[in-house]
Amino acid sequence: AGAAGDNATGIAGVNWVSPILPVRVLGKCGGDTSDVVDAVRWAAGLAVDGVPANPTPARVINLSLGGYSLSCSTSLQNAINDVIAQGAVVVTAAGNEGESASFNEPGNCTGVIDVAATGRYGEKADYSNYGAKVNLAAPGGGTYDSGIRSTVNAGNREPLEGGSYAYYEGTSMAAPHVSATVALVLSLVPTLTPSQVLDVLTSSASPFPSSAPNDTCQAVCGAGVLDIRNALIVAAGLRPDRKSTRLNSSHVSESRMP
């Protein structure tokens, strides 16, 4: 989501400038839904008993986590409803069981942007959940690649100085691509509602390639594959000053997003 770019080092994330608010909800052995509920509310600036107020509420909440559930729990759905009412966009990982995303919480909650995973050719990653709950897909690593290269800390018991890199696969890697793009979209048009942000992403998504090897995402991974450049073009067209933006566009060189 946020690895620094244009520095000839390591990898480049989607969004190099937006601040990241890390909120830990899971430990070595997982965590409880109540922890996720409190974290979602706190991240958006809502009150949580016994916790100091968040001075920097988030507009985008990435939930690269999940667990099997036939439906979204009432407490989690209420929290998501409340933060969406605050204007926050909630992005979820569809899950890695290779089954219907309807059984993965919080991706099966109403109002979230649920993200499936594709490989390098746009094919559905074999592990990715799928189905009607999924809104769109993004790179998560697949059969024909090494996964998504990511920044990590190499410490086993405590953080080590400096950073390292590792390759990971999963819808937990796909969701941050979308979350970082949402932050870029909101930087262009801060007044967009969560539902309008979803419209920007789905209307600008690239079609799934019909020639993708093995599993295809056609009709089961949402509106298409995340297209960052197209999303920003669509968002720029929604700006109140879009007329002047178009007039000035001939004076700048085209820059493709990573």
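Q: Which residues does Thr181 touch, not counting residues up to four places away in sequence?
A: In this predicted model, Thr181 lies in helix α3. Leaving out residues up to four places away in sequence, Thr181 touches Val14, Leu201, Leu226, Ile228 and Ala231.

Q: Is Thr181 buried or exposed?
A: Buried means under 20% relative accessible area. The relative accessibility of Thr181 is 0%, so this residue counts as buried.

Q: Which residues of α4 are buried, and where do they lie around the axis?
A: The buried residues of α4 are Pro194, Val197, Val200, Leu201 and Ser204. They cover an arc of only 115° around the axis, and therefore lie on the same side of α4.

Q: Which elements do the buried residues of α4 pack against?
A: Two strands and a helix among these elements are β3 (89-93), β5 (113-118) and α2 (74-85). The full set packed against by the buried residues of α4 is α2, β3, β5, β6 (136-139), α3 (171-188) and α5.

Q: What is the orientation of α4 and α5 to each other?
A: Two packed helices are described by the angle between their axes and the distance between the axes. Helix α4 (residues 194-204) and helix α5 (residues 228-236) have axes 8 Å apart and pack at an angle of about 130°. Angles of 65 to 115 degrees count as roughly perpendicular and those over 145 as roughly antiparallel. The angle of α4 and α5 falls in neither class, so the two helices are oblique to each other.

Q: Which residues of α4 and α5 meet, and how many of them are nonpolar?
A: From α4, Val200, Leu201, Ser203 and Ser204 meet Asn230, Ala231, Val234 and Ala235 of α5. The residues of this contact include no charged ones and three polar ones, and the nonpolar ones number five.

Q: What is the orientation of α1 and α2 to each other?
A: The axes of α1 and α2 are 9 Å apart, and the helices pack at an angle of about 10°. Angles under 35 degrees count as roughly parallel. The two helices are therefore roughly parallel.

Q: How many residues in the contact of α1 with α2 are charged?
A: Thr33, Val36, Val37, Val40 and Arg41 in α1 meet Ser75, Leu76, Ala79, Asp82 and Val83 in α2. These residues divide into six nonpolar and two polar, and the charged ones number two.

Q: Which elements do the buried residues of α1 pack against?
A: In helix α1 (residues 33-43), the buried residues are Val36, Val37, Ala39, Val40, Trp42 and Ala43. They pack against β1 (60-63) and α2.

Definitions and conventions: Residues are numbered from 1 along each chain as its sequence is written. This is a predicted model: local features need pLDDT of at least 70, side-chain atom pairs count only at pLDDT 80 or more; totals for chains, interfaces and linings use all residues. Side-chain values use heavy atoms; hydrogens and water are left out. Axes are lines fitted to C-alpha atoms, for helices over the stretch in contact, and angles run from 0 to 180 degrees between N-to-C directions. Helices (H or I, at least four residues) and strands (E, at least two) are DSSP runs, numbered from the N terminus. Contact means heavy atoms within 4.5 Å. Ala, Val, Leu, Ile, Met, Phe, Trp, Tyr, Cys and Pro count as nonpolar, Asp, Glu, Lys and Arg as charged, and the others, Gly among them, as polar. Buried means under 20% relative accessible area, exposed over 50%, partly exposed in between (1.4 Å probe, protein chains only). The arc is that of the directions from the helix axis to the C-beta atoms.
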